[in-house]
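Please find below a short note on the structure under review. The points are numbered for ease of reply.

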Amino acid sequence: MKADANGCRLIFDGHETIVPPGTTLFDAAESVGLRVPTSCNKQGKCRECLVEVERGDELLSAPEPQEEHLASGFRLSCRARFVAAGVLRAHTMRRGKLRIETSARGLEPGPGARRAPRFARDGRRLLDSGRAVGRIDSEPLGLAVDLGTTTIVLRLESLESGRRLATLSFENPQRFGGSDVMSRIRYDGEHRGRLLQRVLLGYLGRAIDELPADRSTIVEAVVAANTTMRDLLFGLDVAPIGRLPYRSVTEHELAAGERRSTSLDSAAARLRLGLHPAARVYGLPLVSGHVGADAAACLLASGIAERETISACMDIGTNTEIFIGNRDRILAASCPAGPAFEGGGVGCGVPGLDGAIEHLELDDRGVASLTVIGGGEPVGVCGSGLVELLGELLRTGRMNAQGRYVDGASRFLVARDRSIALTESDISDLSQAKGANAAGVRIVAERFGVDVGGIERFYLAG
């Protein structure tokens, strides 16, 4: 399919079409069956219809005043019109379903993780903590939401049987505001209208539509997230998290005696999620500062606080949390590792989507044997592939322990025919991410008074 004088060749989330001049990106997306979030009927007011333009931005009209908050490469699809012929590649803020691990190994949850659900039914009556709050005609369902800075995972379960009904994952669409929590905090403070929250809720709503359940049967959503991501979702002011003493407004209110817990509880309707009329969204409590609700979820799931043996838990992410301790004492730390191991900031790095190299081996000549998600042509290397690539470069002697290529080259071609390469700068970013995590473990172990070798169980999440 080639562009001609009468139109532009558009590749949008993998769909191809010819677009006539004057067409908006929003209308072009609709023409190939793609849904772009909006709540203002394409008037440029809600600012939710964000797309990322990878190639061909010069074919679009100049940014309008409604887009002044966006960095280069991002456009509001209802404001961007085609004005020239050529090839344009773009995607929504959600590029596809991510490959994630959906089961745990060696996990023995403590008794604290086994609790009766908040919602139940008595005939057709829906009960919230024993109080009738409405009607429901089928089993009530719940959502577990792991809201990461880079990746979001939803799990749909029956609140009656505990059956897992579906798992869905996608990129956090807030990346236009920066790749780390401090960037998001700064962005939220500099732009009015809670855009980060609104875009996130719009994409969450789209994801819920894809689950194999009627929205009206979902009565509860429980959110595990780092402090910044959790508070952004609920619409709280995140500025205090970005300055000393780096605490959520809920922590300040708890210290002032204005609340009993740092947990959050909101009607789903207030967040425009369109679930059961009585549905609630619960944000898990924080541990402290940047050690957030996702870390609390790890404590609950692992049962570290209920055992005598000394255990450790590391939740690897853009913001990594680390725990070491037992039922008598637990120490925690937060490590700003960055998004490198999720493909962010690395030249050849991509999320775990179709086209990502997830496994590789190098032969004696340095030729890589690749396993690609989806089985097609590779477009980059995801986190697991990056870890294996570093290991293979060391094993085959092509890289030294300092992250330098021994042959004097500045990069290594992973897929030569696709020009996918790992540079020494990329290696530095990955090394810094690993170094932040490793330093966190060592510092916490030292403060706790135990040698790293004395940790009897090590739980890894992320």
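The points below proceed from the overall fold to a single aromatic pair.

1. The coordinates are those of a predicted model. In secondary structure, the protein comprises 8 helices and 23 strands.

2. The C-alpha trace spans about 70 × 60 × 40 Å along the principal axes of the protein. The radius of gyration is 24 Å; a compact globule of 462 residues would have a value near 23 Å, so the two agree.

3. Of the 462 residues in the protein, 50% are buried. Among contacts between residues at least 6 apart in sequence, 58% join residues at least 24 apart.

4. The protein exposes about 21700 Å², and 48% of this area is supplied by carbon and sulfur atoms. Its charged side chains number 57 positive and 59 negative, and the centres of these two sets lie 4 Å apart.

5. A search of the whole structure yields 1 aromatic pair. The pair is formed by F176 and Y187, whose ring centres are 5.4 Å apart; their planes stand at 85 degrees, over the 60 required, and the pair is therefore edge-to-face.

6. The pair links distant parts of the chain, with its two members 11 residues apart. F176 lies in the loop between strand 11 (164-171) and helix 2 (181-190), whereas Y187 belongs to helix 2 itself.

7. Are the two rings' residues, F176 and Y187, buried or exposed? F176 has a relative accessible area of 6%, which is under the 20% limit, and therefore counts as buried. Y187, at 9% relative accessibility, is likewise buried.

Notes:
Residues are numbered from 1 along each chain as its sequence is written. This is a predicted model: local features need pLDDT of at least 70, side-chain atom pairs count only at pLDDT 80 or more; totals for chains, interfaces and linings use all residues. Side-chain values use heavy atoms; hydrogens and water are left out. Helices (H or I, at least four residues) and strands (E, at least two) are DSSP runs, numbered from the N terminus. The radius of gyration is taken over C-alpha atoms; the globule rule is 2.2 Å times the number of residues to the power 0.38. Buried means under 20% relative accessible area, exposed over 50%, partly exposed in between (1.4 Å probe, protein chains only). Contact means heavy atoms within 4.5 Å. Accessible areas come from the Shrake-Rupley method with a 1.4 Å probe; for residues, only the protein chains shown count as cover. Lys and Arg count as positive and Asp and Glu as negative; His and the chain ends are not counted. The place of a charge is taken as NZ of Lys, CZ of Arg, CG of Asp or CD of Glu. Rings of Phe, Tyr and Trp (its six-membered ring) pair if their centres lie within 6.5 Å; planes under 30 degrees apart count as stacked, over 60 as edge-to-face and the rest as tilted.
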